[in-house]
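The following exercises are to be worked with the sequence and the coordinates at hand. Each task is followed by a solution in steps.

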Amino acid sequence: MTRSTWTRRGFLGLSAAAAVAGTAACTGTGTAGGTAGGAASGPASNNLRLFTYEDDTTIANLKAAVATFDSRNGTTTRVDSLPGSGAAVYPDKLRAELLGGSGPDIWRIWGGQIGAPFAKAKQAADLAPYYQKYGWDTKINTNAIAGMTFDGMKAGLPIVVAAIGAWYSKESMDKAGVSDTPKSYAELEEMNDKLVAAGITPCTLGGKYGWDVMRLFEYLLEVSAGPDLHDKLLSGEESWDRPEVVTAFTSFKKWQDKKWLPNGVLGLDPSDVETDYVSGKAAYTLTGTWTEAQGIQAAKKSSDDFGTFQLPTDQTPERHSGFVEGYMMSARSGNPDKAAALLDYLVTPDLQATLQITSSTVTGAEPDKSKLPLSYEWTEINKTSPFYTIQDQAFPKKTADQYFAIQSDVLQGKTSPADAAKAMQSAVSAMAKS
Amino acid sequence: MATATALAPATREGAGAGRQNKKRYGGLRPWLFALPALAVYVTFLVYPAGTSLFFSFTNWDGLSPTYDIVGLANYEAMTKDPVVVQALLNNLVWTVVTIVVPVVIGLTLAILLNGKVRGKTPLRLLFYTPCVLPLVSIASIWGWLYNPDYGVINETLRAVGLGSLAQPWLGQDSTALAAVMVPAIWLRVGFPMLLYLAALQGIPAEQYEAATVDGATRSQQLWFITMPSLRPAHYIVLALSLIDSFKVFDMIYAMTYGGPGTATQVMGTWMYANVFQYYQAGYGTAIAVVITVIAVAVSIPYVLSQTKEHS
């Protein structure tokens, strides 16, 4: 009897506790308020906080550089990093921090539609006065500045104009008897066939978060649609329900069916597979110049054993996909002048080199040819080849996710390329209406 | 006077009853003891939950300082959102499977490990260990196990001649949800096992001895002594598992991110996507409210009926 009484009470108590826990978990957005949170530092504070997504290969350099700035300027800057998650997770954490009232004074962020919400919500400061004060307009790549300007407001200071291309292992190519990089899309397909015949997975990508596989699809769309139409599709000026888009989806499916992509590509984590071309599990990947320092050289391998090439589009001009990254400053920073001074310090050419930024927006901060020869090749490519915005920066996240869901259905054979084109048009129309 | 005389005993009785009540319930003192917990409860649960409810009637983007009241528009939009339907179905499947399977396995293990088994202490530890591992680690480990090309699962299938069964487990709609449920089950077995073990050890040995003397078989003892005695433990295990399963988020987020496409979206991940990624906090909080209402609706009748039955 005693036990049953205790059990009932215990049960009710536990149930109540569980209900509390359940309700708390289910209403986890509760700290949100009508007013957005501010930066960690108080008014006129010399305490700054910088939030970034640097990985182990560069975070120590950044912290050392910031410490030097602190010693010269009487500030104390905390540097926090959330590496490895890519654009899928980092903006969520940043947003939660800003709303929670402990947001950073400065944060690194991608341009386009990933950075835009922070500017539109006025979490990011208008940097126009500091552009003028520090002459950033003359120091920084003009196209990159446009990538972090939203509704006319210069909300960010770009530091990276990343170019996406193919990065390959020379050993894998040699094994497959591939003697030269492809100069046309047909040659690229031919190269893939040779690699498969040699038992090598040609292109390593991971579809877990969607964005990595988009690097392939956006390329295929550039091949089939060409620069002008591709741009109009991204901006919603042209309908997606058209033959060029169907062709791109058809090619996309072909890449999987012919095993040019890893088995089960949709479930693979990009961070697990991106460097498979370095370890020899695949021949190449589609990525940017950071892979030379963070992929090849971090694995203690020589750049001489690897190569890179611009994916051939058979179009004029021949473009590659690319994106912008930079820093934003909090509109609620406790010391915006010092924060801006730190930004100016971070975009000095020497420091850009120290931070191993291999595709810097800063004039005079080109990668050292002797240390990063492959990245340097892209500096040359960028001089003649324009870029189009990667699709997960061209679209709001919701549309990009819908886009990826459609791509996923195509790869699984659940949707035909023609239906995928229609579904994509529907998603873009909904985006335009909203 | 008569009135006064008549009232006096009543007043005295009232005063006496008040003193009795005060003595019985302790007056204000219990409330003072409860106050700190109550303050925490109101501050960190009631207030945020109320705020979330309020925002579900707005079009707040989750970042801007301004928003508009949109009434029931977010709830209406949910009825037209195909991902919500898919997420609800996934929640249902997830809840049923991740309650029934771990509870059955946990109960079986508890019964087996409650007997005279050599090495039962390390075995108990072994089965309970997954419960204390960080979820992200578990997700990473199982992600590698599931790797289509060099994961242990497919490698093993190929090694034993069952290569045709090798699948891209997390990379196709048809297997992704089930593939995430397997580690969730592995993770959850220890919890019911532990509770059942504690309950089994509370059953007097004399009952089994008497049953043995009366000629009861092992299965009869299990059915007529063990199972009825475990009823309170069943209540706790099922209620906690039900709530825990319905609010699933972490395992799916870490292993599939709701994909491929939207194949493994559940209400928790879809809420997160809307609030934190799509800048639709109003819509996302409406999903959170619906999750809460469903969890409470499912739990409360069960709790009440079982409590009544037990009383």
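A crossing of two helices is called right-handed if the near helix is turned clockwise from the far one by less than a right angle, and left-handed if anticlockwise. The model examined here is predicted.

**Exercise 1. Determine how α4(B) and α8(B) pack, and state the hand of their crossing.**

Step 1. Locate the elements: in chain B, helix α4 spans residues 82-114 and helix α8 spans residues 173-188.
Step 2. Obtain the geometry: the axes lie 9 Å apart and the packing angle is about 35°.
Step 3. Assign the hand: α4(B) and α8(B) cross in the right-handed sense.
Step 4. List the participants: α4(B) contributes Asn90(B), Val93(B), Trp94(B), Val97(B), Thr98(B), Val101(B) and Pro102(B), while α8(B) contributes Leu177(B), Met181(B), Ala184(B), Ile185(B) and Arg188(B).
Step 5. Classify them: the contact of α4(B) with α8(B) comprises 9 nonpolar residues, 2 polar and 1 charged.
Step 6. Consider the spacing in sequence: an α-helix has 3.6 residues a turn, so residues three or four places apart point the same way.

**Exercise 2. Describe the overall make-up of chain B and of its annotated domain.**

Step 1. Count the elements: chain B has 15 helices and 0 strands.
Step 2. Assess burial: 36% of the 311 residues of chain B are buried.
Step 3. Examine the contacts: among those in chain B with a separation of 6 or more, 69% join residues 24 or more positions apart.
Step 4. Consult the record: an unreviewed UniProt entry annotates residues 88-304 of chain B as "domain: ABC transmembrane type-1".
Step 5. Characterise that stretch: residues 88-304 of chain B are 76% helix and 0% strand, with 25 Å between the end C-alpha atoms.

**Exercise 3. Decide whether Leu411(A) is buried or exposed, and identify its surroundings.**

Step 1. Place the residue: Leu411(A) belongs to helix α19 (residues 397-411) of chain A.
Step 2. Apply the cut-off: a residue is buried if 20 or more other C-beta atoms lie within 10 Å of its own. Leu411(A) is therefore buried, because it has 25 C-beta neighbours inside 10 Å.
Step 3. Find its contacts: beyond the neighbours within four places in sequence, Leu411(A) touches Lys253(A), Gln256(A) and Leu266(A).
Step 4. Compare sequence with space: Val213(A) is 198 residues from Leu411(A) in sequence, and the C-alpha to C-alpha distance is 11 Å.

**Exercise 4. Explain why helix α4 of chain A is described as largely enclosed.**

Step 1. Count: helix α4 (residues 112-120) of chain A has 8 of its 9 residues buried, so the rest of the structure largely encloses it.
Step 2. Name them: the buried residues of α4(A) include Gly112(A), Ile114(A), Pro117(A) and Phe118(A).
Step 3. Inspect what follows: just after α4(A), Lys122(A) adopts a positive phi of about 60°.

Technical notes
Residues numbered from 1 in each chain as written. Chains lettered and ligands numbered in written order. Predicted model: local features only at pLDDT ≥ 70, side-chain atom pairs only at ≥ 80, totals over all residues. Helix = DSSP H or I, 4+ residues; strand = E, 2+ residues; numbered from the N terminus. Buried ≥ 20, exposed ≤ 12 C-beta atoms within 10 Å, placed from the backbone. Contact = placed C-beta atoms within 7 Å. Axes fitted to C-alpha atoms, helices over the stretch in contact; angles between N-to-C directions. Nonpolar A, V, L, I, M, F, W, Y, C, P; charged D, E, K, R; others polar. UniProt positions renumbered as here; feature names shortened; annotations may be inferred.
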